[in-house]
Amino acid sequence: MLKAKLKSLLMYGLVLAAGLIVGVGAAKLPKLLERPYQQGDFSTHYAEAKTQVVVYGTTTCPYCAKTREYLGQHKVAFADFNVDKSESARKKYSELKVKSVPAILIGDRLIMGFKPDAIDAALKAARR
């Protein structure tokens, strides 16, 4: 009798654990399938910047600061546009039709947010 109850309790525990794993996994699945960048023609942004890497950010955004620091550490020349300080930067940024910073343009890719792996992949693709 005790053995049957323990077995039943163990099965309930396994079902509960499996349900939690599936629930957490299902919630994270869309993020895992999301592409880390958007592709497009961003040549109008590079003409003014005179470089193939452009960062649109703000002076108060910690992820913008991390992006600038990361690019600097990797000795990547980039144009840095602060949308909170410059009207022309704000205008060019609005053309991207995005809502957050940093917006990083590398070659034909637009990366939203500080994503080192996506930045490295875009830099590698832009060098080809």
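**Notes on the sheet, helix α4 and the salt bridges**

1. Let's start at the hairpin. Strands β4 and β5 form it, with two residues between them, and in the turn glycine 107 has a positive phi of about 60°. Helices and strands here are DSSP runs, numbered from the N terminus: helices are H or I with at least four residues, strands are E with at least two.

2. A word on the ground rules. This is a predicted model, so local features need pLDDT of at least 70 and side-chain atom pairs count only at pLDDT 80 or more, while totals for chains, interfaces and linings use all residues. Residues are numbered from 1 along each chain as its sequence is written, and side-chain values use heavy atoms, with hydrogens and water left out.

3. Now the sheet around that hairpin. Five strands make an open sheet in the order β1-β5-β4-β2-β3, and the pairing is mixed. (Two strands pair if DSSP finds at least two bridges between them.) At the edges sit β1 (38-39) and β3 (79-82), each pairing on one side only. As background, strands of a sheet pair through backbone hydrogen bonds, either parallel or antiparallel.

4. Strand β4 is a good one to follow by eye. β4 (residues 103-106) runs antiparallel to β5 (residues 109-112), and four bridges join the two. At one end of β4, isoleucine 106 stands opposite arginine 109, and alanine 103 stands opposite methionine 112, also in β5. β2 and β4 are antiparallel too, again with four bridges, and here alanine 103 has tyrosine 56 opposite.

5. Which β4 residues point one way, and which the other? Ala103 and Leu105 go one way, Ile104 and Ile106 the other, and all are buried. Buried means under 20% relative accessible area, exposed means over 50%, and partly exposed is in between (1.4 Å probe, protein chains only). In a regular strand the side chains alternate between the two faces of the sheet.

6. Two helices to look at against the sheet. Helix α4 (residues 87-95) packs on it, touching β2 (53-57), β3 and β4, and its direction makes about 105° with that of β2. Helix α5 (residues 116-127) lies across β2, β4 and β5, running at about 170° to β5. Contact means heavy atoms within 4.5 Å; the axes are lines fitted to C-alpha atoms, for helices over the stretch in contact, with angles running from 0 to 180 degrees between N-to-C directions.

7. Turn α4 around and its two sides stand out. Ala89, Lys92 and Tyr93 are buried. They are on the same side of α4 because they cover an arc of only 100° around the axis, the arc being that of the directions from the helix axis to the C-beta atoms. Glu87 and Lys91, both exposed, are on the face turned away from that buried side. Just past the helix comes lysine 97, with a positive phi near 55°.

8. How many salt bridges does the structure hold? Three, where a salt bridge is a side-chain nitrogen of Lys or Arg within 4 Å of a carboxyl oxygen of Asp or Glu. In general, side chains of opposite charge can pair when their charged atoms come close.

9. One salt bridge links distant parts of the chain: aspartate 80 in strand β3 and arginine 68 in helix α3, 12 residues apart. The N to O distance is 2.7 Å. Arginine 68 counts as buried, at 16% relative accessibility, whereas aspartate 80 is partly exposed at 34%.

10. Arginine 68 deserves a second look. Helix α3, where arginine 68 lies, spans residues 62-73. The side chain of arginine 68 also makes a polar contact with the side chain of asparagine 82, at 2.8 Å. (A polar contact is a pair of N or O atoms within 3.5 Å; within protein, one must be able to donate a hydrogen and the other to accept it, and residues adjacent in sequence count only if both atoms are side-chain atoms.) Leaving out residues up to four places away in sequence, arginine 68 touches Gly57, Thr58, Phe78, Asp80 and Asn82.

11. Back to α4 for two more salt bridges. Arginine 90 pairs with glutamate 87, the closest N and O atoms being 2.9 Å apart, and both lie in α4, three residues apart, about one turn of the helix. Arginine 90 is partly exposed at 35%, while glutamate 87 is exposed at 55%. Glutamate 95 forms a salt bridge with lysine 92, with closest N and O atoms 3.8 Å apart; these two are three residues apart in α4, about one turn. Lysine 92 is buried at 14% and glutamate 95 is partly exposed at 41%.
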